[in-house]
Amino acid sequence: MTAFEHYFDAFKKTLGRPDLYDVWPDFEPQYDEREYAWTTLRGLGEVLLLNCAQCDGPSDRRHSRCKSCVEKRGQTAGGAYQKATGRPREKWSIVFLCRIHRE
């Protein structure tokens, strides 16, 4: 378990509600579906980068909203990848969920 998972697990115990949520509490997604990129990283091959932006989610595919987001945006990126390279990309072997900040 990560530190955040321990925190949210302790939160459920404190409230006496072990059934409150599975791993992560629910959240309202906030991101731009078009903020993605792919790149080749040494030792990993082609990877998909998804900017989670202001989203309060856990960036964890075990959460149903994150999983749905990754699947939907992965398909969108796959279509753009095929347009750009002429090669199909049905599934990404590695997906990075990240938050890009700027000042």
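The following conversation discusses a predicted model, its sheet and its aromatic rings.

Colleague: What should I know before I look at this model?
Modeller: It is a predicted model, in which local features need pLDDT of at least 70, side-chain atom pairs count only at pLDDT 80 or more, and totals for chains, interfaces and linings use all residues. Residues are numbered from 1 along each chain as its sequence is written, and side-chain values use heavy atoms, with hydrogens and water left out.

Colleague: How many strands does the sheet have, and in what order?
Modeller: The sheet is open, with 3 strands in the order 1-2-3 and mixed pairing. Strands are DSSP runs of E with at least two residues, helices are runs of H or I with at least four, and both are numbered from the N terminus. Two strands pair if DSSP finds at least two bridges between them.

Colleague: Which strands are at the edges?
Modeller: Strand 1 and strand 3 are the edge strands, each pairing on one side only.

Colleague: How do strand 1 and strand 2 run, parallel or antiparallel?
Modeller: Strand 1 (residues 36–41) and strand 2 run antiparallel, joined by 6 bridges. Tyr36, for instance, has Leu50 in strand 2 as its bridge partner. The hairpin of these two strands has 3 residues between them, and Gly43 takes a positive phi near 85 degrees there.

Colleague: And strand 2 with strand 3, parallel or antiparallel?
Modeller: Strand 2 and strand 3 (residues 95–98) pair in the parallel sense over 4 bridges. Leu48 stands opposite Val95, and Asn51 stands opposite Cys98.

Colleague: Why is strand 2 described as largely enclosed?
Modeller: In strand 2 (residues 45–51), 5 of the 7 residues are buried, so the strand is largely enclosed by the rest of the structure. Buried means under 20% relative accessible area, exposed means over 50%, and partly exposed lies in between (1.4 Å probe, protein chains only).

Colleague: Changing topic, how many aromatic pairs are there?
Modeller: The structure holds 5 aromatic pairs. Among them, Tyr7 and Phe8 are edge-to-face, at 5.1 Å centre to centre with 75 degrees between the planes. Phe8 and Tyr21 are also edge-to-face, at 6.3 Å and 85 degrees. Rings of Phe, Tyr and Trp (its six-membered ring) pair if their centres lie within 6.5 Å; planes under 30 degrees apart count as stacked, over 60 as edge-to-face and the rest as tilted.

Colleague: Where do Phe8 and Tyr21 lie in the chain?
Modeller: Phe8 is in helix 1 (residues 3–15), and Tyr21 is in the loop between helix 1 and strand 1, 13 residues apart.

Colleague: Is Tyr21 buried or exposed?
Modeller: Tyr21 is buried, with a relative accessible area of 12%.
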